[in-house]
Amino acid sequence: MEERLKGKLEAPTLNYEEYFSQKALGMKASEIRELLKLVESSEIISLAGGLPNPETFPKDIITELAKKAVQEHGDAALQYGTTKGYTPLRLEIAEMLRKRYDIPISKVDIMITSGSQQGLDLVGRVFIDPGDMIVVEAPTYLAAIQSFKYYEPQFIQIPLDDEGMRVDLLEEKLRELKAQGKKIKFVYTIPTFQNPGGVTMSIERRKRLLELASEYDFLIIEDGPYNELRYRGEDVPPIKALDTEGRVLYLGTFSKILAPGFRVAWVAGEPHFIRKLEIAKQSVDLCTNVISQVIAMEYMKGGYLDEQIPKIRAFYKPKLEIMLRALEEYMPEGVKWTKPEGGMFVWVTLPEGIDTKAMFEKAVSRGVAYVPGEAFFADRSVKNTMRLNFTYVDDEKIVEGIKRLAEVIKEELKA
Ligand code: PMP
Ligand code: G9A
């Protein structure tokens, strides 16, 4: 299909590059988005994209609620909405944040965004001046790097271990910067079932991070799309729930608890910050898709979200177990991986010297795709890692995919 669209283009006549702004010339395509194109149309077992499984989409409920949205709220649902979002939905989200996470609504305002991805871009717009220092995890969500990069910050990377961001190393870095009279603007973290790492930041580190934010005066951008996808272990409160100074901006989304096609997400935080984000959003899209927001509101109000979360957990839990078992069974010595308690990803580290980007084509030719880890590092310095998704493909395909991948890695190790 894509090819037919491309077929309409004529032979190049313009010197296209001449017209682009410097910023546009600096933009790079997201590996994930490009990989999706590749895998969309082929027989390849894709452990690459971070796609929820369509079998989890509550289609019957959505059909019913979509009808209701038009019949009962049609005038609002089909009209332009406010930039901040559909208020009944904002109230439902506020109530959920209070109920599930103990985040007091009296202390936050909520703005709806067109996916958390837009929230990330708006954060960049509102907080980053060229040259500002921002901290990201290493590795981190590659499309966050892509969003922030546009605003030309200096990235500071802090490594992860099994308990999330190495907050001790962050502290060292902050001290060092302070001695040079410098400070950071914010820390961007995905503390729960991190993308791509799969790991979760311990409660001790969350508290310490907040203490550091206060001591060194910076903000925390907490991205929580996977919070509800826990398959084992104990819940850890969002950093926002522990925030007494209003330093945390919390991003949540319906992408993984309803369906990503809705493009409905939210950012919760100090009203002053939300106001600026709202002004920034005005020029981007005026408002988020209103009918999606109305359906999402009915979905929460009707109690469907509360029913859906355990279903999603039950659906993904065995998939994670299958992937971990297959890795155990097939991967050669020297390959290591994280053991997540939830989320959508396992992070694999191969022996030094293997470049997963160079290996990618070979893997694809054997019918398996992953995301080369390099793209998840702001400085792209780490070559021997990869991210595997376990939510999208069928159970048997997970095993087959890992088997194929293990073969490719073994050959690479021999070579
Ligand atoms: N943040 C992280 C960490 C993600 O993994 C994703 C999606 N994979 C997003 C943000 C964007 O989500 P949304 O669909 O809400 O734009
Ligand atoms: O389709 C996307 O780009 C969202 C998925 C993100 C990811 O794979 O991390």
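**Two ligands and their surroundings**

In ligand 1, a nitrogen atom lies 2.9 Å from a polar atom in the side chain of K256. The protein covers 93% of the accessible area of ligand 1, which is 390 Å² for the ligand on its own. The model that shows this is predicted.

Two further polar contacts involve oxygen atoms of ligand 1. The side chain of T253 places an N or O atom 2.7 Å from an oxygen atom of the ligand. The side chain of S255 does so at 2.6 Å. Both residues reappear in the list of nearest neighbours. Around ligand 1 there are 14 residues, and those that come nearest are S116, D223, Y226, T253 and S255.

The shell of ligand 1 can also be described by class and by element. Its residues comprise 5 nonpolar, 6 polar and 3 charged. Helix 6, which spans residues 115-127, gives the most to this shell. Its contribution is 3 residues. As for location, ligand 1 sits in the largest pocket.

Ligand 2 was examined in the same terms. It, too, sits in the largest pocket. The residues around ligand 2 are I32, R33, L36, G49, G50, Y141, N195 and R387. By class, 3 of the shell residues are nonpolar, 3 are polar and 2 are charged. Helix 3 (residues 31-40) supplies the largest share of the shell, with 3 residues.

Polar contacts to ligand 2 come from both backbone and side chains. The backbone contact belongs to G50, with an N or O atom 2.8 Å from an oxygen atom of ligand 2. N195 contributes through its side chain, where a polar atom lies 2.8 Å from an oxygen atom of the ligand. R387 also uses its side chain, and a polar atom there is 2.7 Å from an oxygen atom of ligand 2. On its own, ligand 2 has 280 Å² of accessible area, and the protein covers 84% of it.

Taken together, the description of each ligand rests on its pocket, its shell and its polar contacts. Ligand 1 sits in the largest pocket, with side-chain contacts that include those of T253, S255 and K256. Ligand 2 sits in the largest pocket as well, with contacts that include the backbone of G50 and the side chains of N195 and R387.

Notes: Residues are numbered from 1 along each chain as its sequence is written. Chains are lettered from A and ligands numbered from 1 in the order in which they are written. This is a predicted model: local features need pLDDT of at least 70, side-chain atom pairs count only at pLDDT 80 or more; totals for chains, interfaces and linings use all residues. Side-chain values use heavy atoms; hydrogens and water are left out. A residue is near a molecule or strand if one of its heavy atoms lies within 4 Å of it. A polar contact is a pair of N or O atoms within 3.5 Å; within protein, one must be able to donate a hydrogen and the other to accept it, and residues adjacent in sequence count only if both atoms are side-chain atoms. Accessible areas come from the Shrake-Rupley method with a 1.4 Å probe; for residues, only the protein chains shown count as cover. On a 1 Å grid over the protein atoms alone, a cavity is a set of points where a 1.4 Å probe fits but cannot get out, and a pocket is an open set with protein on both sides within 12 Å along at least five of seven lines; lining residues have an atom within 4 Å of a point. A molecule sits in a cavity or pocket if more than half of its atoms lie within 2 Å of its grid points. Helices (H or I, at least four residues) and strands (E, at least two) are DSSP runs, numbered from the N terminus. Ala, Val, Leu, Ile, Met, Phe, Trp, Tyr, Cys and Pro count as nonpolar, Asp, Glu, Lys and Arg as charged, and the others, Gly among them, as polar.
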